[in-house]
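Visitor: I would like to take a close look at one part of this model, the way its domains are laid out, and then follow wherever that leads. Please take your time over the answer.

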Amino acid sequence: MTETNGAPRSFQEIILRLQNYWAAKGCAVMQPYDMEVGAGTFHPATTLRSLGSKAWAAAYVQPSRRPTDGRYGENPNRLQHYYQYQVLIKPSPPNLQELYLGSLEAIGVDMAMHDIRFVEDDWESPTLGAWGLGWEVWCDGMEVSQFTYFQQVGGHDCHPVSGELTYGLERLAMYVLGVDHVMDMPFNDPDAMIPLTYGDVFKQTEEEYARWNFDVANTEVLLRHFEEAEAECAAILAEEHMDPKTGKRIIMAYPAYDQCIKASHIFNLLDARGVISVTERQAYIGRVRALAKQCADAFVLTEAGGYVPETAA
Amino acid sequence: MPDLLIELFSEEIPARMQARAAEDLKKRVTDGLVEAGLTYAGAAALSTPRRLTLAVDGLLAESPTIREERKGPKVGAPDKAIEGFLRGAGLSREQLEERETPKGAVYFAMIEKPGRPAAAIIAEVLEDTIRNFPWPKSMRWGAGSLRWVRPLHSILCILSDEAGASVVDLDIDGIKSGNTTRGHRFMAPEEFAVTGFDDYAAKLKRAHVVLDARERAEAIWQEATNQAFANGLDVVEDNGLLAEVAGLVEWPVVLMGAIDEEFLELPPEVLQTSMKEHQKFFSVKNPKTGRIEKFITVANRETADNGATILAGNQKVLSARLADAKFFWENDLRTAKSEAGMSAWVENLGNVTFHNKLGTQAARIDRIAALAREIAPVVGADADLAEQAARVAKADLSSEMVYEFPELQGLMGRYYAEAAGLPQEVANACEAHYSPLGPGDDVPSEPVSVAVALADKLDTLTGFWAIDEKPTGSKDPFALRRAALGVIRLVLENDVRMPLDRFFDSQLLRAESAANGELPEENVNALLKEIAAHGVFGSAFEAVKDRIGGLPATAFLELERRVPDTSDDLLSFFHDRLKVFLRDQGIRHDVIDACIAMEGNDDLTLLVKRARALEDFLKTEDGENLLQGFKRANNILSQAEEKDGVEYSFGADRKFAEDATETALFDALEAGGAAISPAIEAEDFAAAMRGMAALRAPIDAFFEAVQVNADSEVVRRNRLNLLSQIRQVCGQVADLTKVEG
């Protein structure tokens, strides 16, 4: 007997059920990436691991930040910091749709009572140089997940193709739990020793970050950080593949990619501060994409990216 | 004769692609079958979100044997040639036949292509179809390399006749064909086998799948209108939405829900757009109040609670969406009614780039406003109102509602302009100035709207022409062809008389000024003033150049060549668009060319008047004959002019006339000229053409009786000058040399 019987009672129970479900289906349950990202896709467990020929299956929660979406915690649906649940399986299994529907059942969505639809939605990330085909999944007219077959990442064709599932956790949980305002959603069990709502945990941080994102963040410092991250990324990738100290071939794709993530988030902050004009926007996105592409180029030369070391002849 | 049933079963196909894909499947498979010799009686293609189905009946059981006779090299030709022929025919030398021909003995090959069973042909054709399917966008999945719109799961392919059904064997990258399919994803997911189309369709229906998209659409529409009717309401028709929704469900279940009272005050277009775009809901209107009060959603399944849970969920999502819309609407209204009103929005457009070479939206609005003012008197609009309308027409681009729903641009502008208490003509122009967008769109007719609509489109065209971003081939990213067609329709349908050239010049100057920071502004303004007063770029430019003390800036001097060249190029683009437009109305391209060759061809209304008169005239017998007479005269004259190296335009002298027909032609040309000139003056081109028709008989008689190239040089020259007069008189409506036939 597991706790997946009956309807879930809290935000965290939904997350736990998803973790258990995908663990049982054989995914490596990973932890969030320890950097600020705009979406779960930025986690290297998705971006980098979707490249190259090696099989992969991972699931994880990723805290995500979208500074422009901040509403001081007042909007019932919008947050500048929220959680995504992300699943990436390579190659995409033939029953991925059924696996996905199973996950909805695991969190208490009764397929016999709800209307689940796969509605065309092609995904594209200009900053990652990535695109794929798939759907938004609707439950009773509400978008609850994004379902994508990656075709290209960092400018590289995906071979094999990864299947990516992204759940917007707050929105999905609000629906499952029947809550109208995100801040009213029970974070832990309502009968817990100390019951906490989502608002108890995040109302204050939403206010603080909204103020900082929109009005206070030092744009000069941010602009400088952007340039630095960009330069560092290039510098890391320019290093010789052979590490002179260990004599090993060590390509630093991950450290370089960290700089790409950093640049991307700084760009989002600058955007929220309103200092990027419409024309500049495209140029910044192009610069981040160039970094992502270089990191992808580097990653496919590493073993995790499918590189097979030449055996001594 | 066997029947063929094919079903390609996949993950959900985008709704917008299904109908086309079903037709492509039918075309590619049946074309392939016929090409291989398999004819059939009938074929039908059907689609659902998860399947493309093709039923072909009355198919030949095998392709007929084909005998072909092929002629080869001569007997005794080099071995190499004969071997090559044998290879091509797949025969050996003993199988060749020698036959006598007028050119000697020649080898003939009799090739027999035996017929093949239908199954073998189908397998090849279907594999080829699947591998080369023309999806607008396709993808790979898993570790494979096959491409389909979404992962392809199974292929049903059976041939059936009285004896029963058999699977056509096929294996495409591991997907083996079979005789099974599945029903509705949730209501009947089990696999089942079928024996032919009727069995397939019947079993699918039991498995909660309506195979025919049209049947689904009809069922949805009927049920939707029934439910609305029962409540005394009407469903707002939307065929695009209906087709899309029919492509999202295999088992449509129509549910009607109420919109929360608090949202009913939103403009109906906002409700409708929000519901359609985000939720794919139909709007349900109360015919008594005109308000949208309910919505209709189409679910993909039946439930134990008759859809109550589904409807409640949909209602909740809608309320969240409409709460956003209401929030935008109220914020926008507050801004519109504030003291600064819509000008705060316009100011904000100073931060929005229109195009990096053409500056901001605000700068563009200044240019449009200036042009709208100039156009106003031409279309009978008040200049102040036209300018005011042009200034606020795009203000709503800064509003929150339009940011959220870009397709409501213009319409929201009208609502907000009304709320701001602006004159009604101004409010109307906010909405109407984008029109006409498509060829079927209504054209605005209120003068202020016409002025702003023309100014908006002309500014777009001159702007992109100034920075050399013209449409090429199929690429027209700024929809410039559509803008030009819009101008053409605005001018023609409102019977506007405007020399486009002059407005091109002014607006090109403004665009040049925006694109080139080195142009001295005061010089450009002086030039604009000069053009506004006198209308001709060349002399305006000279006048201003003279007034500038010292040496004018290089950037300014360059305008002298750039502006007229660009302006001419833009006008010829308009003429090309006009040809396309008029060809659709049955006017021949050579007729239009003949009229374009005339003076004043930048006045489109005049140009089209000429073209219509000429088109009508050429359909008459007189017209056709006059054209022949004219051409004859013109040919003889042109040849003589080329040979003699002179132009015969001195005017013929009656006293050298030798023949009665010649004198008669003199009389006719004089009388005709007197009748035609006033008609041309009055732009009564039909009357002018009638006047010309009177010349037909004298011209015919003249050619009948007289040799133009007479021995006497004096007589010859006089006759050539007479022909020149024919050319001159007949060329007043259009350049007839350009007319074919």
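What distance separates the centres of domain 2 of chain B and domain 5 of chain B, taken over C-alpha atoms?

Guide: This is a predicted model, and in it the centres of domain 2 and domain 5 of chain B, taken over C-alpha atoms, are separated by 66 Å. To place those two domains in the chain, one can turn to the domain assignment, which gives chain B a domain 1 made of 3-62 and 117-206, a domain 2 covering 69-112, a domain 3 covering 213-336, a domain 4 covering 344-596 and a domain 5 covering 620-738.

Chain B also supplies residues to the second largest pocket, whose volume is about 910 Å³. Among the 31 residues that line this pocket, B:Lys394, B:Gln409, B:Tyr434, B:Leu437 and B:Arg482 are the closest to its centre. At least two lining residues come from each of strand E17 (353-355), helix H10 (361-379), helix H13 (411-419), helix H14 (424-432), helix H15 (447-466) and helix H16 (480-493) of chain B, with H15(B) giving the most, namely 4 residues. Sorted by class, the lining holds 12 nonpolar, 8 polar and 11 charged residues.

From the pocket we can pass to the contact between the chains, to which chain B contributes 43 residues and chain A contributes 40 residues. The area buried between chain B and chain A comes to about 3400 Å², with carbon and sulfur atoms giving 53% of it. On the chain B side, B:Arg140, B:Arg150 and B:Phe186 supply 18% of the area buried against chain A, which is more than any other three residues supply. B:Arg150 also takes part in a salt bridge with A:Asp122, in which the closest N and O atoms lie 3.3 Å apart; the count of salt bridges between chain B and chain A is 5.

Chain A, on the other side of that contact, is divided into domain 1 (11-212) and domain 2 (217-299), and the centres of these two domains, again taken over C-alpha atoms, are 25 Å apart. Their mutual contact takes 21 residues from domain 1 of chain A and 22 residues from domain 2 of chain A. Between domain 1 and domain 2 of chain A the buried area is about 2100 Å², of which 71% is given by carbon and sulfur atoms. Within domain 1 of chain A, the residues that lose the most area to domain 2 of chain A are A:Leu48, A:Thr127 and A:Trp212, which together account for 29% of what that side buries. The count of salt bridges between domain 1 and domain 2 of chain A is 0.

Some backbone details of chain A complete the picture. A:Tyr72, in the loop between strand E2 (56-65) and E3 of chain A, has a positive phi of about 55 degrees although it is not a glycine. A cis peptide bond, with omega at about -5 degrees, joins A:Lys90 and A:Pro91, and A:Pro91 is found in the loop that runs between strand E3 (81-90) and helix H3 (96-106) of chain A. Another cis peptide bond joins A:His159 and A:Pro160, with omega at about -5 degrees, and the place of A:Pro160 is in the loop between strand E8 (156-157) and strand E9 (163-168) of chain A.

Note on methods:
Residues are numbered from 1 along each chain as its sequence is written. Chains are lettered from A and ligands numbered from 1 in the order in which they are written. This is a predicted model: local features need pLDDT of at least 70, side-chain atom pairs count only at pLDDT 80 or more; totals for chains, interfaces and linings use all residues. Side-chain values use heavy atoms; hydrogens and water are left out. On a 1 Å grid over the protein atoms alone, a cavity is a set of points where a 1.4 Å probe fits but cannot get out, and a pocket is an open set with protein on both sides within 12 Å along at least five of seven lines; lining residues have an atom within 4 Å of a point. Grid points are joined across faces, edges and corners, and a volume is the space filled by probe spheres set on the points. Ala, Val, Leu, Ile, Met, Phe, Trp, Tyr, Cys and Pro count as nonpolar, Asp, Glu, Lys and Arg as charged, and the others, Gly among them, as polar. Domain bounds come from an automatic or database domain assignment. Contact means heavy atoms within 4.5 Å. Buried area is the accessible area (1.4 Å probe) that two parts lose on being put together, summed over both. A salt bridge is a side-chain nitrogen of Lys or Arg within 4 Å of a carboxyl oxygen of Asp or Glu.
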